[in-house]
Amino acid sequence: MVARYHRAMNEQHQQIDIRSVEPADLPAITIIRTSVHENHLSVAEMTARGITEAGIAAEMADGNLRGWLALVGGVPAAFSYARRSEGTIFAMFVQPGFEGLGLGRRLMASAEDWLFAQGVQEIWLTTDENPTIRAHGFYQRLGWVTDWIVEAGEVTYWKRRAT
């Protein structure tokens with residue numbers, strides 16, 4: 001109860017802004033991505049998977065990828081990316097120390113709304129198969145569903161456009 005009170009007080013006193021990612025934000029996003037404890041990847045591991053700042057910038061420029069950045073008191077704290085061509089939320093990460101402020105929920109809503117506005121009827125995302133990671137409960141609370149079939153160490157979640 002006390003922790004919730006302090007978190008609520010901190011949120012009230014810190015300005016939270018969500019805005020579109022710009023190419024100049026990519027270094028800060030890399031810092032956020034490599035700072036997480038669950039589903040952690042280093043820059044080398046991201047590069048091996050084909051995830052680079054140059055690649056992200058190119059996809060953003062052609063309109064296939066859109067990103068949102070959460071700023072807390074002007075500090076980059078969390079981000080999400082959605083890829084239109086695949087109908088997927090490609091990434092959503094909150095930097096340690098900024099958890100519990102509702103940033104993930106707001107970023108997911110931005111990504112979901114954008115994909116559905118693009119005409120995608122069913123969107124999807126993947127996350128680590130480990131059932132103890134917090135992402136599973138988070139996605140489920142937001143209405144995402146899964147069949148828990150594991151492929152390449154990841155579980156897929158789906159969400160349909162509300163009719």
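Among contacts in the protein chain (heavy atoms within 4.5 Å) between residues at least 6 apart in sequence, 58% join residues at least 24 apart. Before we walk further, two notes on reading what follows. This is a predicted model, in which local features need pLDDT of at least 70 and side-chain atom pairs count only at pLDDT 80 or more, while totals for chains, interfaces and linings use all residues. Residues are numbered from 1 along each chain as its sequence is written, and side-chain values use heavy atoms, with hydrogens and water left out.

Let's take the overall layout. The protein chain has 6 helices and 7 strands, where helices (H or I, at least four residues) and strands (E, at least two) are DSSP runs numbered from the N terminus. Along the sequence they follow the pattern α-β-α-α-α-β-β-β-α-β-α-β-β. The radius of gyration, taken over C-alpha atoms, is 16 Å, close to the 15 Å from the globule rule for 163 residues, so the chain is as compact as a globular protein of that length; that rule is 2.2 Å times the number of residues to the power 0.38. The C-alpha trace spans about 40 × 35 × 35 Å along its principal axes. About 9000 Å² of the protein chain is exposed, and carbon and sulfur atoms supply 53% of that area, computed by the Shrake-Rupley method with a 1.4 Å probe, where for residues only the protein chains shown count as cover.

Now step inside. Of the 163 residues, 38% count as buried; buried means under 20% relative accessible area, exposed over 50%, and partly exposed in between (1.4 Å probe, protein chains only). A nonpolar core is a set of buried Ala, Val, Leu, Ile, Met, Phe, Trp, Tyr and Cys residues joined through side-chain atoms within 4.5 Å. The largest such core has 29 residues, of which Leu103, Met108, Tyr139 and Trp144 touch the most other members. Elements giving two or more residues to this core include strand E2 (65-72), helix H5 (103-117), helix H6 (134-141) and strand E7 (154-160). H5 supplies the largest share, 7 residues. Leaving out residues up to four places away in sequence, Tyr139 touches Met108, Leu125, Thr127, Trp144 and Tyr157. Apart from this core lies another, of 14 residues, among them Leu26, Val36, Leu69 and Ala91.

H5 deserves a closer look. Its buried residues are Leu103, Gly104, Leu107, Met108, Ala111, Glu112, Trp114, Leu115 and Phe116. The expected span of a helix is 1.5 Å times one less than its number of residues, so the 15 residues of H5 should span 21 Å, and the end C-alpha atoms are indeed 21 Å apart. Just after H5, Gly119 takes a positive phi of about 95 degrees.

Finally, follow the chain to E6 and E7. Strand E6 (residues 145-151) pairs with E7 in the antiparallel sense over 4 bridges; two strands pair if DSSP finds at least two bridges between them. One bridge joins Thr146 to Tyr157 in E7. E6 and E7 form a hairpin with 2 residues between them.

Which backbone angles stand out here? Most residues other than glycine have a negative phi. Trp148, in strand E6, has a positive phi near 60 degrees, and this residue is partly exposed at 36% relative accessible area. Ala152, in the loop between E6 and E7, has a positive phi of about 55 degrees although it is not a glycine. At 79% relative accessibility, Ala152 counts as exposed.
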